[in-house]
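Ready for a bit of practice with a protein model? Grab a pencil, keep the viewer open and try each task before you read its solution.

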Amino acid sequence: MTDIKTNLTYIKEQIINSATGCDRDHKTIMLIGVSKRKSAQIMTQGIDAGIENLGENYIQESMEKIDIIGRDKATWHFIGHLQSNKSKFAVRYFDYIHTVDTVKLAKEINKQAKKINKTQKILLQVNIGDEDSKSGSSIDTILDLAHSIADFEHISVKGLMCMPPYFTEPEHSRPYFKKLVTIKNQILETHIPNISMEHLSMGMSNDFKVAIEEGSTMIRVGTSIFGRR
Ligand SMILES: *Cc1c(COP(=O)(O)O)cnc(C)c1O
């Protein structure tokens, strides 16, 4: 059986070590436990063990689980691909949506957030490895996307998210994380109003240490906390 409490203790130690190693305050790094395909019961064990942020990939599955667990028991992050027609649910259930990659999707999120008088926190997802199999704005269009979304009153852009190609060697992710930092700096230089770049959502079970060294503020860790899926 997966010992969530032990895993969590170990990961928190690794976060502190990585942060200390590059002169960062570990408190600036948010640990998001990724619970896709794990039961509400297991997620509750995670919350009891001290997980404050949970990440989910599928709308239907996550709504069922969040209803059981309780919306107020954690901060919820939507990290999967979001279809516009599911925006309504993402806005109602999630504190952050990490995967906004088109103006169309942002427009729908804005509309749904307005209906419930919410300002939806989002991140812009960048297809950092230019992979056909992955979602995310292309690097070429990310500045335009940021400009377009800045006008939406019920959306607050908090930063960028990426998922590099999968490598077994974590060091291979580093250039992609560096690239996301470069894009963040380009966006900051253009001084777009209403856009904050306080968060970089990057790093997963196998490469979060490298991500922290490169400036990640949100690491998304599934397998190393909850076990294999
Ligand atoms: C599943 C998933 C994760 C977690 O991956 P692990 O390798 O299990 O840590 C992180 N981010 C996204 C977008 C995911 O889909």
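Here are four short exercises on this predicted model, each with a worked solution.

**Exercise 1: Confidence**

Find out where in the protein chain confidence is lowest and where it is highest.

*Solution.* Start with the whole chain: its average pLDDT is 97, and 100% of the residues score at least 70. Next, go element by element. The lowest confidence belongs to helix H6, residues 142-149, with a mean of 97. At the other end sits strand E3, residues 75-78, where confidence is highest, at 99.

**Exercise 2: Looking for a disulfide**

Work out how many disulfides the model has, and explain why Cys22 and Cys162 do or don't form one.

*Solution.* Step one is to recall what you're hunting for: a disulfide is a covalent bond between the sulfur atoms of two cysteines. Step two is the cut-off, which is a sulfur pair within 2.5 Å. Step three is the distance check. From the sulfur of Cys22, the closest cysteine sulfur is the one in Cys162, and it is 16 Å away, so that's too far for a bond. Now flip it around: starting from Cys162, the closest cysteine sulfur is in Cys22, again at 16 Å and too far. The count is therefore zero disulfides.

While you're there, look at the surroundings of both residues. Cys22 is partly exposed, with a relative accessible area of 24%, whereas Cys162 is buried at 0%.

**Exercise 3: Around the ligand**

Name the residues that come nearest to the ligand, then look for polar atoms next to its oxygen atoms.

*Solution.* First, the neighbours: 13 residues surround the ligand, and Lys36, Asn57, Ser205, Gly222 and Thr223 come nearest. Second, the polar atoms. Asn57 has a polar side-chain atom 2.8 Å from a ligand oxygen. With Gly222, a polar backbone atom is the partner, also lying 2.8 Å from an oxygen of the ligand. For Thr223, an N or O atom of the side chain is 2.5 Å from a ligand oxygen. Last step, the cover: on its own the ligand exposes 390 Å², and the protein buries 91% of that.

**Exercise 4: Two asparagines with positive phi**

Where do Asn117 and Asn194 sit, and are they buried or exposed?

*Solution.* Take Asn117 to begin with. Its phi is positive, near 55 degrees, though the residue isn't a glycine. You'll find Asn117 in the loop between helix H5 (103-115) and strand E5 (120-126), and at 68% relative accessibility it is exposed.

Now Asn194, another non-glycine residue with a positive phi, about 65 degrees. Asn194 lies in the loop between helix H7 (174-189) and strand E7 (195-201). Its relative accessible area is 59%, so Asn194 counts as exposed.

Definitions and conventions: Residues are numbered from 1 along each chain as its sequence is written. This is a predicted model: local features need pLDDT of at least 70, side-chain atom pairs count only at pLDDT 80 or more; totals for chains, interfaces and linings use all residues. Side-chain values use heavy atoms; hydrogens and water are left out. pLDDT is the predictor's confidence in each residue, from 0 to 100. Helices (H or I, at least four residues) and strands (E, at least two) are DSSP runs, numbered from the N terminus. Buried means under 20% relative accessible area, exposed over 50%, partly exposed in between (1.4 Å probe, protein chains only). A residue is near a molecule or strand if one of its heavy atoms lies within 4 Å of it. A polar contact is a pair of N or O atoms within 3.5 Å; within protein, one must be able to donate a hydrogen and the other to accept it, and residues adjacent in sequence count only if both atoms are side-chain atoms. Accessible areas come from the Shrake-Rupley method with a 1.4 Å probe; for residues, only the protein chains shown count as cover.
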